[in-house]
Amino acid sequence: MSGFTGKFYVPSDEGFVEAAFSRVFNHRRPTDRLPSAVLVAENEQDVVAGVRFAKENGLAVAVRSGGHSWAVWSVQNNTLLIDLGNLNSAEYDEATGIVSGGPAIEGGNVLDPFLAERGRFFNGGHCPPVGIGGFLLQGGQGWCQRGWGWAAESVVAIDVVTADGELVRADATQNSDLYWAARGAGPSFPGIVTKFHLKTRPRFNHLFHSVQVYDIADFQEVMTWMYEVEPTISPDVEIVCVSLCPPSVNGEPRQRVYVVTGVALSDSVEAAKEALAPLQTCPIIDRAFENKVYESSLAEQREDQLRMNPENWRYYADNVWVDGEAEDIIEALTPVFTTSPEPDAFTIWFGNGLMRELPDMAFSLQAPAYIATYLAYEDSANDARNRAWLNEAMVAAQSVTVGQYLGDSDMTNRQLKFMADANFAKLQDIIAARDPEGRFVRYLAKDPSTINKNHWQL
Ligand SMILES: Cc1cc2nc3c(=O)[nH]c(=O)nc-3n(C[C@H](O)[C@H](O)[C@H](O)COP(=O)(O)OP(=O)(O)OC[C@H]3O[C@@H](n4cnc5c(N)ncnc54)[C@H](O)[C@@H]3O)c2cc1C
């Protein structure tokens with residue numbers, strides 16, 4: 001196939017299947033989906049040519065930036081898959097503090113070190129190789145999101161290839177419908193973003209980490225305290241409680257523990273320590289196996305994330321936004337935090353702080369706490385058991401669930417609400433106007449007619 005600078009594959013080409021799954025993080029891959037062709041774009045002009053090619057050949061278009069969608073949204077039938085992996089460079093404008101980057105830039109591995117050299121910070125995702133493309137489009141739960149907002153709130157403009165194959169700029173004053181949609185539509189954005197323009201902030205001077213490790217049997221007592229203290233803690237602190245099994249010591253069986261962590265990004269050591277101090281008030285702190293507060297770095301935090309999410313493993317992920325009385329929430333969440341069948345599975349409780357009004361953008365559903373489970377394992381023989389356990393644990397959480405975050409969702413398994421009704425309706429109008437022929441794939445879901453509803457409320 002000519003007309004592209006990048007590589008183009010059809011199923012009869014050697015390397016087609018590798019190209020179809022290139023850089024896909026989750027090794028539990030779909031077996032019933034494959035694109036009709038793959039274009040590994042070299043530059044923006046290839047993306048334009050790819051969309052026009054798809055239009056001429058009656059194909060839909062699917063997109064891959066960093067390849068970290070748990071549900072592998074980029075691999076869909078009857079599509080041209082446009083792989084944006086080569087659109088991964090960044091430029092920084094000192095006069096405005098805006099960094100412009102390709103969608104495949106790895107937020108932690110590439111963008112953060114690039115900004116660190118310039119004394120700047122963008123609150124990107126926690127796991128270093130995640131691409132900024134999918135991450136930002138669905139909202140972006142980045143470092144210190146609790147206080148510093150969703151990463152998509154720092155998008156000031158995007159460059160987009162539309163369904164007609166035109167490359168346009170979208171921001172608050174031009175193509176503002178696309179700008180609105182790009183901050184939350186996730187994998188149903190009616191276009192391909194070839195560049196994000198992001199507001200940065202001055203870099204923090206110190207990162208302090210508070211870690212307390214409890215017996216998993218203390219889950220309910222620790223969480224009862226956490227629900228009291230969390231709203232009082234500075235917005236400069238990220239608070240995550242994690243159920244996990246540390247590595248075995250001396251060949252002993254691995255034991256699940258409950259870890260309370262706080263990360264403070266501050267200008268001074270004193271401010272960081274002061275911000276973390278309320279975490280020392282847990283009434284059963286004397287029972288903690290470990291309690292430390294120490295100076296760390298984002299590089300060290302990234303290493304931890306990589307250890308928790310090994311490459312080439314199989315994953316199931318699911319998540320819920322929860323709200324209600326603390327007692328009811330803790331009871332409903334006990335199974336998901338305490339009973340996982342896989343030693344390398346971990347479940348997080350992510351404090352979202354006091355609810356504030358979000359800017360006008362597609363992303364519009366959040367709650368005071370976010371719960372996500374990541375079942376990491378290697379043996380495909382455990383697929384069915386793991387799927388069943390996760391589904392059951394999520395059913396137990398249903399009474400306190402208000403919806404889900406797209407980033408850790410898989411709507412081919414179960415569908416939940418992820419956007420306010422008015423925002424979802426507006427997004428459907430934008431999609432209908434911008435992409436009437438359905439050039440770009442929509443949400444990959446079990447039942448497209450019941451999207452954005454909690455399945456038990458239908
Ligand atoms: C190990 C791991 C850690 C994670 N940590 C976090 C975290 O800390 N915070 C968080 O919020 N999320 C996190 N996630 C979820 C992650 O943000 C989402 O899976 C996100 O979709 C990944 O983006 P990507 O570009 O790497 O994925 P891809 O699979 O490449 O993209 C996902 C989908 O997004 C759409 N898309 C992507 N790029 C474009 C584009 N340029 N134009 C149009 N559509 C596009 C497409 O529909 C595409 O199929 C994590 C995921 C993993 C696997």
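Me: Which of the 32 residues around the ligand come nearest?
Reply: Happy to start there, with the reminder that this is a predicted model. The ligand has 32 residues around it. Those that come nearest are S65, G67, H126, Q138 and Y405.

Me: Which residue has a side-chain N or O atom 2.6 Å from an oxygen atom of the ligand?
Reply: Let's go through the polar atoms one by one. The backbone is involved at G66, where a polar atom is 2.9 Å from a ligand oxygen, and at S74, where a backbone N or O atom lies 3.4 Å from a ligand oxygen. The side-chain N or O atom at 2.6 Å from an oxygen of the ligand belongs to Y405.

Me: How much of the area that the ligand exposes when taken alone does the protein bury?
Reply: A good thing to ask next. Taken alone, the ligand exposes 960 Å². Of that area, the protein buries 95%.

Me: Which element gives the largest share of the shell around the ligand?
Reply: Elements that give two or more residues to this shell are β3 (60-64), α4 (132-137) and β10 (192-199). The largest share is four residues. That share comes from α4.

Me: How many residues of the shell around the ligand are charged?
Reply: The shell can be divided by residue type. It holds 14 nonpolar residues and 17 polar ones. The number of charged residues is one.

Me: Which helix gives the largest share of the largest nonpolar core?
Reply: This core has 46 residues, and M223, M226, Y258, V322, L333 and W349 touch the most other members. The largest share of the core is seven residues. They come from residues 219-229, helix α7.

Me: Which residues does L333 touch, not counting those up to four places away in sequence?
Reply: L333 is one of the core residues that touch the most other members. Leaving out residues up to four places away in sequence, its contacts are F219, V322, W349, I371 and A397.

Me: How many residues does the other core have?
Reply: This core lies apart from the largest one. Among its members are Y179, F196, F418 and A445. Its size is 38 residues.

Me: Why does D112 count as buried or exposed?
Reply: D112 sits in helix α3, residues 107-116. The cut-off for buried is under 20% relative accessible area. D112 falls under that cut-off, so it counts as buried, with a relative accessibility of 6%.

Me: Which side chain does a polar contact of 3.0 Å join to that of D112?
Reply: Not counting residues up to four places away in sequence, D112 touches G107, F121, R203, L298 and R302. The polar contact of 3.0 Å joins the D112 side chain to that of R203.

Conventions:
Residues are numbered from 1 along each chain as its sequence is written. This is a predicted model: local features need pLDDT of at least 70, side-chain atom pairs count only at pLDDT 80 or more; totals for chains, interfaces and linings use all residues. Side-chain values use heavy atoms; hydrogens and water are left out. A residue is near a molecule or strand if one of its heavy atoms lies within 4 Å of it. A polar contact is a pair of N or O atoms within 3.5 Å; within protein, one must be able to donate a hydrogen and the other to accept it, and residues adjacent in sequence count only if both atoms are side-chain atoms. Accessible areas come from the Shrake-Rupley method with a 1.4 Å probe; for residues, only the protein chains shown count as cover. Ala, Val, Leu, Ile, Met, Phe, Trp, Tyr, Cys and Pro count as nonpolar, Asp, Glu, Lys and Arg as charged, and the others, Gly among them, as polar. A nonpolar core is a set of buried Ala, Val, Leu, Ile, Met, Phe, Trp, Tyr and Cys residues joined through side-chain atoms within 4.5 Å. Buried means under 20% relative accessible area, exposed over 50%, partly exposed in between (1.4 Å probe, protein chains only). Contact means heavy atoms within 4.5 Å.
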